[in-house]
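User: Hi! I have a new model open and would like to walk through its strands and its empty spaces with you. Could you help me get my bearings?

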Amino acid sequence: MQILLTAPEAPTALGPAEWFTGEVWIDVVAVPPDPSRLRVNAVHFSPGARTHWHRHANGQTLHVTEGVARVGTRDGTVLEVRPGQTVWTPPGEWHWHGAAPAAFMTHLAMWEVGAADGGPDTEWAEEVSDQQYGA
């Protein structure tokens with residue numbers, strides 16, 4: 001058996017404004033060494049902060065570790081997700097996720113890198129409006 005010990009890729013970083021509304025901080029947990037394709041980030045949202053609309057070629061799994069999260073889809077569904085709960089978004093589904101208005105929130109974001117068609121792992125789009133977020 002081979003055990004691979006890895007270190008974080010970089011220190012905690014502020015998420016870019018072209019991906020997030022509000023303050024969102026990212027810690028890289030795991031970058032996939034071949035042959036693995038699983039990427040894991042711990043993502044920390046300030047109250048009311050959220051991602052922009054986006055989709056993942058291979059889907060995404062979100063596991064909330066603290067606070068209260070909201071996850072929304074293009075059909076208008078908005079879920080409230082609490083610590084210990086996990087949400088999976090299917091490949092190609094446009095969605096957003098973020099913290100509830102009055103709570104900090106952290107989740108583990110997990111997805112497979114390497115789109116089968118050679119396209120991007122993640123595709124980003126417009127900001128989520130306050131109405132879509134449910135503010």
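User: Let's start with strand 3 and strand 4: in which sense do they pair, and over how many bridges?

Analyst: Happy to help! Keep in mind that this is a predicted model. Strand 3 covers residues 24–30 and strand 4 covers residues 38–45; they run antiparallel to one another, with six bridges between them.

User: Nice. Which residue of strand 4 stands opposite W25?

Analyst: That would be H44. Further along, A30 has V40 in strand 4 as its bridge partner. W25 also looks the other way, since L14 stands opposite W25 too.

User: Ah, so what joins strand 3 on that other side, and over how many bridges?

Analyst: Strand 1 does, in the antiparallel sense, over two bridges.

User: What's the strand order in the whole sheet?

Analyst: The sheet is open, has six strands and reads 1-3-4-12-7-10, with antiparallel pairing. Its edges are strand 1 (13–14) and strand 10 (86–89), each of which pairs on one side only.

User: And how many bridges does strand 7 make with strand 12, and how many with strand 10?

Analyst: Strand 7 (residues 60–67) pairs with strand 10 over four bridges, and with strand 12 over six bridges. Both pairings are antiparallel. If you'd like residues to click on, T61 has W88 as its bridge partner in strand 10, while V64 is matched with H107 in strand 12.

User: Great. Switching to pockets: how much space is in the largest one?

Analyst: About 400 Å³. Its lining counts 24 residues, and those nearest the centre are W19, I26, N41, W111 and W124.

User: Which elements give two or more residues to that lining?

Analyst: Strand 3, strand 4, strand 6 (54–56), strand 12 (105–112) and strand 13 (122–124). Strand 4 has the largest share, with four residues.

User: What's the mix of residue classes there?

Analyst: The pocket lining has 13 nonpolar residues, eight polar ones and three charged ones.

User: How many closed cavities of 30 Å³ or more are there?

Analyst: One. The largest cavity holds about 30 Å³.

User: What lines that cavity?

Analyst: L62, V64, A69, V71, V81, V87, H97, M105 and H107. You've met V64 and H107 already, as the bridge partners between strand 7 and strand 12. Strand 7, strand 8 and strand 12 each contribute at least two residues to the cavity lining.

User: How many of those lining residues are charged?

Analyst: None: the cavity lining is made of seven nonpolar and two polar residues.

User: Good to know. Now the packing: which residues have the most contacts inside the largest nonpolar core?

Analyst: V24, V43, F45, V81 and M105, within a core of 16 residues. At least two residues come from each of strand 3, strand 4, strand 7, strand 8 (69–73) and strand 12. Strand 12 gives the most, three residues. Two of the names are familiar from the cavity, whose lining includes V81 and M105.

User: Which residues does V24 touch, sequence neighbours aside?

Analyst: Setting aside neighbours within four places in sequence, V24 is in contact with A13, L14, G15, V43, H44, F45 and A49. V43 and F45 are also among the core residues with the most contacts.

User: What about a second core, what's in it?

Analyst: There is a separate core of five residues, including W53, W96, V128 and Y133.

User: Perfect, thanks for the tour!

Definitions and conventions
Residues are numbered from 1 along each chain as its sequence is written. This is a predicted model: local features need pLDDT of at least 70, side-chain atom pairs count only at pLDDT 80 or more; totals for chains, interfaces and linings use all residues. Side-chain values use heavy atoms; hydrogens and water are left out. Two strands pair if DSSP finds at least two bridges between them. On a 1 Å grid over the protein atoms alone, a cavity is a set of points where a 1.4 Å probe fits but cannot get out, and a pocket is an open set with protein on both sides within 12 Å along at least five of seven lines; lining residues have an atom within 4 Å of a point. Grid points are joined across faces, edges and corners, and a volume is the space filled by probe spheres set on the points. Ala, Val, Leu, Ile, Met, Phe, Trp, Tyr, Cys and Pro count as nonpolar, Asp, Glu, Lys and Arg as charged, and the others, Gly among them, as polar. A nonpolar core is a set of buried Ala, Val, Leu, Ile, Met, Phe, Trp, Tyr and Cys residues joined through side-chain atoms within 4.5 Å. Buried means under 20% relative accessible area, exposed over 50%, partly exposed in between (1.4 Å probe, protein chains only). Contact means heavy atoms within 4.5 Å.
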